[in-house]
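Subject: Structure for you to look at

Dear colleague,

I am passing on the structure we spoke about, and below it you will find my notes. Please keep the structure open while you read, so that you can follow each point on it.

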Amino acid sequence: MSTKAKASQLDTTEVRLYVAEDFRQEANHKVTAIGLYTDNQVLLQIPPNLPDPTLENPAALRSLCFLFNIFGAPDAATVSVDIEDPVINRVVVPAQKLPVNSLVGATNFIVQMQPCIVTALGRRTFVVKVNQREFKFSYSLGRQEATLRSDAESPPQLKATSKAKPRPTPKKKPTN
């Protein structure tokens, strides 16, 4: 008996991660992304006089969503998602049967955190298990100092004036 796996026994499962403010599942296996983070780096806008988030003083994002595009998984596959966080490791999605769209052989699995409570900046790692095969994906939460604008720096405001007079409409000559 050969120790090589037959072609029909090879696990060709692939998983991709996308990070955005929101994902919306549409018809025909399409997904709309709102606020896509193309580099998987989420920057929190924090004023310079405020400290980084902590367990005692967390920050919150209105929404942070993760799209796991899973394709090539065998029928009746199970999926689970865990997160490794600088503060705590936890199960985000317990093991469940993966629904596969038989027309395209893939499924989109969306995890929404609304709100997303941030207790520390840094790198997080998702551990996605499809039939116990692990896929690891990282994203990071960082800080970008929010700049407060003074009145002097504000863009000029356009003001409407009531002195404008409408132009008279030219009268058409009658045609014979």
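In what order do the four strands of the open sheet stand? The order is β2-β1-β5-β8, with antiparallel pairing, in what you should remember is a predicted model. At the edges are β2 (31-37) and β8, and because each of them has a single partner strand, one side of each is left without a neighbour in the sheet. On average, and with direction ignored, neighbouring strands of this sheet are turned by 50° against each other.

If you look at β5 and β8, you will find that they run antiparallel and are joined by eight bridges; as one example of such pairing, N69 has N108 in β8 as its bridge partner.

The largest nonpolar core holds 31 residues, and those that touch the most other members are L64, F66, F68, I70, F109 and V130. Several elements give two or more residues to this core, among them β1 (14-25), β5 (64-71), β8 (106-113) and β11 (133-145). When residues up to four places away in sequence are not counted, L64 touches, among others, V19, Y37, V42, V111, M113 and L141.

Finally, a word on confidence: the average pLDDT of the protein is 79, and 73% of the residues score at least 70. Over residues 1-8 the pLDDT stays under 50, and the model has one contact beyond four places in sequence for them, while residues 156-164, also below 50, have zero contacts beyond near neighbours in sequence. Where pLDDT is low, the predicted coordinates should not be read in detail.

Best wishes

Technical notes
Residues are numbered from 1 along each chain as its sequence is written. This is a predicted model: local features need pLDDT of at least 70, side-chain atom pairs count only at pLDDT 80 or more; totals for chains, interfaces and linings use all residues. Side-chain values use heavy atoms; hydrogens and water are left out. A nonpolar core is a set of buried Ala, Val, Leu, Ile, Met, Phe, Trp, Tyr and Cys residues joined through side-chain atoms within 4.5 Å. Buried means under 20% relative accessible area, exposed over 50%, partly exposed in between (1.4 Å probe, protein chains only). Contact means heavy atoms within 4.5 Å. Two strands pair if DSSP finds at least two bridges between them. Axes are lines fitted to C-alpha atoms, for helices over the stretch in contact, and angles run from 0 to 180 degrees between N-to-C directions. pLDDT is the predictor's confidence in each residue, from 0 to 100.
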